[in-house]
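User: I would like to learn how to read a structure like this one, feature by feature. Could you take me through it slowly?

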2 protein chains.
Amino acid sequence: MHVYDLDTPALVVDLDVLERNIRGMAAHCAGLGIALRVHTKTHKIPEIAHMQLAAGAQGIVCQKLGEAEVMARAGIDDILIPYNLVGQPKVRRLTDLARRIRVLVAADSEEVAAGISRQAQADAVEVGVLIELETGGQRTGVQSPQAALELGKRVMDLPGLSLQGIMTFPSDVRAGPFIRETVELFEGAGLPCPVISGGGTGREATSKEIGCTETRSGSYAYEGPTRVTSNDDLDPQWCALRVVVTVVSVPTRERIIVDGGMKTFRAFPPNPYGLIVEQPQARMYGMSVEHGHVDVSQCDRRFRVGDKLSVIPQHQGMTTNLHDEVVGARDGQVKVVWQVRGRGKVK
Amino acid sequence: MHVYDLDTPALVVDLDVLERNIRGMAAHCAGLGIALRVHTKTHKIPEIAHMQLAAGAQGIVCQKLGEAEVMARAGIDDILIPYNLVGQPKVRRLTDLARRIRVLVAADSEEVAAGISRQAQADAVEVGVLIELETGGQRTGVQSPQAALELGKRVMDLPGLSLQGIMTFPSDVRAGPFIRETVELFEGAGLPCPVISGGGTGREATSKEIGCTETRSGSYAYEGPTRVTSNDDLDPQWCALRVVVTVVSVPTRERIIVDGGMKTFRAFPPNPYGLIVEQPQARMYGMSVEHGHVDVSQCDRRFRVGDKLSVIPQHQGMTTNLHDEVVGARDGQVKVVWQVRGRGKVK
């Protein structure tokens, strides 16, 4: 079946591009001599995570416990959750996971570490902990190497926890001094630090440069080795994800309406909405909830109701989260249908 | 159980506010003397649709066939799908629906009408059609009263279709002349026009003024009778939807991080991200995929990891679409858990 014969809107992954992106990133990290830990947020599909592991990744990252549970059920046994898990329901699920697989979790406060420790002690399991550093990302993380040291010592003292090192996001050269100083403080105090985890697709060399032992990259699977940030960078050669849509209205010569809108794509103004592969001169200029609004005034051809188009969405990982199913295709022919099993795991 | 004891992020509907909004809109439309057809996109929950029908709504609207199927399975028997349905899989599902319930569908081109007609004829059912007018919304719809007349005549000629009238979105006084002229042309040509459907929460009086027989309103269920468009308008008295989140990090005195981000909320820059009910001085100023970034520099109290907050999201209907489950609460106590059965119906 051709992808144009699918009911639309249909989320389609070009398998050739996906495989090339996976091979390319594995080779890139091998060349740098840094371990690759793949972030599965981009696809949320266990089958693709297994492809990435088979290509050489050392483990995966899941931002949500619910996504980690899906991946563990699919046989993946080394998962980092770089998120402060707070509250009894979550720490209980975490220790359940830790009983079955190697799990690492981040913490940036004693409250978070203590909550995990209490449950781990009650359940007689050990959970690996990375101290999260805020090295410029202005999000979570301890604010200084000294604070990292203090929290590291506390984690060493708390039962049920195993201090495994440190992490930050995103990897940036300015994070180098913070990381180096923290590592020195850890060494001086006799704290273990086998894992130094950095992240961000396109920042693998920086991760290596600032002393990380592993780099977390995710969006490369669908977006190519360099994260795209504007419509001009969207290149079908590297972008694996497409939304196949149908023209449902041709109200004027200049405007067509397709059956994919904000519930199908995740777009962020002021960025453009996506690249139309078959007609790059056509410009998606707006969206309502269920409609995409396309300016075709620069196109030579006339459009008709029923025409199919393939749109490369601007934010591929967030678009994935809106869909229950993804079709894998090669040369336009459907080869596989994957359930997006990690979709919608808000907890 | 108190909503603060739920695992987070948790989508919560205040049942008192919801019921007041539903009663208020029903009374508003009754007072105007216009039929109310409720748009279920806001909640996507059959149980709430039944509450709206019990309060006096004459039927519902679903923007997607998949949502209409969910609602029909739940016993709702009068559904308008104001969308051009194109392609064999969709028109077949439409005729399946038409066999069981009263279904109306929009069309703005002969191609759309002919596709439905072919399937309706093959399946020996009749489908009610409204001609969609583009009266300023710059989306779908025929461009002139004359074009509406021509398409109306075509619908009359096509087997399996029953011309039921016209529709537009949104209702606006500028649409009045377009509608009046179309109705006159229909009358002059002997075409039936029992339904004149307008829409948009807050536009009920305008719908009446421009001659509509029914008005489509949806967001009022969660957002109160007047659609809110900025953070200043978010009023807990009228906004039924809240996302209960947990503080997972207190990196600095000025910044806290909560466990709801872009995968939990649907926010559109440059609009603010939502109102924090317990601490209106706290300002959510940014989001990453799984984190909400909150400026608490103007708050008197100190925050701690584990604190719970209730956020009224800026776009309530789109936020709904990100969640599989909604909790109904009264005075903060959990009373019911609803599945968002219409969620994620991209087709």
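Analyst: Let us begin with a word we shall need: contact means heavy atoms within 4.5 Å. Please also keep in mind that this is a predicted model. With that word in hand, look at B:G261, which, once its neighbours within four places in sequence are left aside, is in contact with B:M287, B:S288, B:V289, B:E290, B:H291 and B:G292.

User: Where in chain B is B:G261 found, and is it buried or exposed?

Analyst: B:G261 is found in the loop between strand 11 (255-258) and strand 12 (274-276) of chain B. Buried means under 20% relative accessible area, and B:G261, with a relative accessible area of 0%, is therefore buried. Sequence and space can also be set side by side, for B:G261 and B:H293 are 32 residues apart in sequence, while their C-alpha atoms are 8.2 Å apart in space.

User: How should I read a buried residue with a polar side chain, and what does B:S117 contact?

Analyst: B:S117 belongs to helix 5 (residues 110-123) of chain B, and its relative accessibility of 3% makes it count as buried. Beyond neighbours within four places in sequence, B:S117 is in contact with B:L158, B:P159 and B:L161. For B:P159 there is a further detail, as its backbone oxygen lies 2.6 Å from a polar atom of the side chain of B:S117.

User: Can the same reading be made for a whole helix, and how many residues of helix 3 of chain B are buried?

Analyst: Eight of the nine residues of helix 3 (residues 65-73) of chain B are buried, so this helix is largely enclosed by the rest of the structure. The buried residues are B:L65, B:G66, B:E67, B:A68, B:E69, B:V70, B:M71 and B:A72. Their cover includes helix 2 (46-54), strand 3 (59-61), strand 4 (78-81) and helix 4 (88-100) of chain B. Just after helix 3, B:G75 takes a positive phi of about 95°.

User: Which residues have a positive phi although they are not glycines?

Analyst: One of them is A:K44, with a positive phi of about 60°, placed in the loop between strand 2 (35-39) and helix 2 (46-54) of chain A. Another is A:A124, with a positive phi of about 55°, placed in the loop between helix 5 (110-123) and strand 6 (127-133) of chain A. Their surroundings can be read as well, for A:K44 is buried at a relative accessible area of 2%, whereas A:A124 counts as exposed at 71% relative accessibility.

User: How do I describe the way the two chains are related, and what turn lays chain A on chain B?

Analyst: In general, two copies of a chain are related by a rotation about an axis and a shift along it. Here chain A can be laid on chain B with an RMSD of 0.0 Å by a turn of 180° and a shift of 0.0 Å along the axis. That is the relation of a two-fold axis.

User: And how much area do chain A and chain B bury between them?

Analyst: The size of an interface is often given as the accessible area lost when the parts come together. Chain A and chain B bury about 5,000 Å² between them, with 53% of it on carbon and sulfur atoms. A:D7, A:R139 and A:K263 supply 13% of the area that chain A buries against chain B, more than any other three residues. The contact takes 56 residues from chain A and 56 residues from chain B. Finally, 100% of the interface residues of chain A are also interface residues in chain B, so the copies meet through the same surface.

Definitions and conventions. Residues are numbered from 1 along each chain as its sequence is written. Chains are lettered from A and ligands numbered from 1 in the order in which they are written. This is a predicted model: local features need pLDDT of at least 70, side-chain atom pairs count only at pLDDT 80 or more; totals for chains, interfaces and linings use all residues. Side-chain values use heavy atoms; hydrogens and water are left out. Copies are superposed by least squares on the C-alpha atoms of residues with pLDDT of at least 70 in both. Helices (H or I, at least four residues) and strands (E, at least two) are DSSP runs, numbered from the N terminus. Buried means under 20% relative accessible area, exposed over 50%, partly exposed in between (1.4 Å probe, protein chains only). A polar contact is a pair of N or O atoms within 3.5 Å; within protein, one must be able to donate a hydrogen and the other to accept it, and residues adjacent in sequence count only if both atoms are side-chain atoms. Buried area is the accessible area (1.4 Å probe) that two parts lose on being put together, summed over both.
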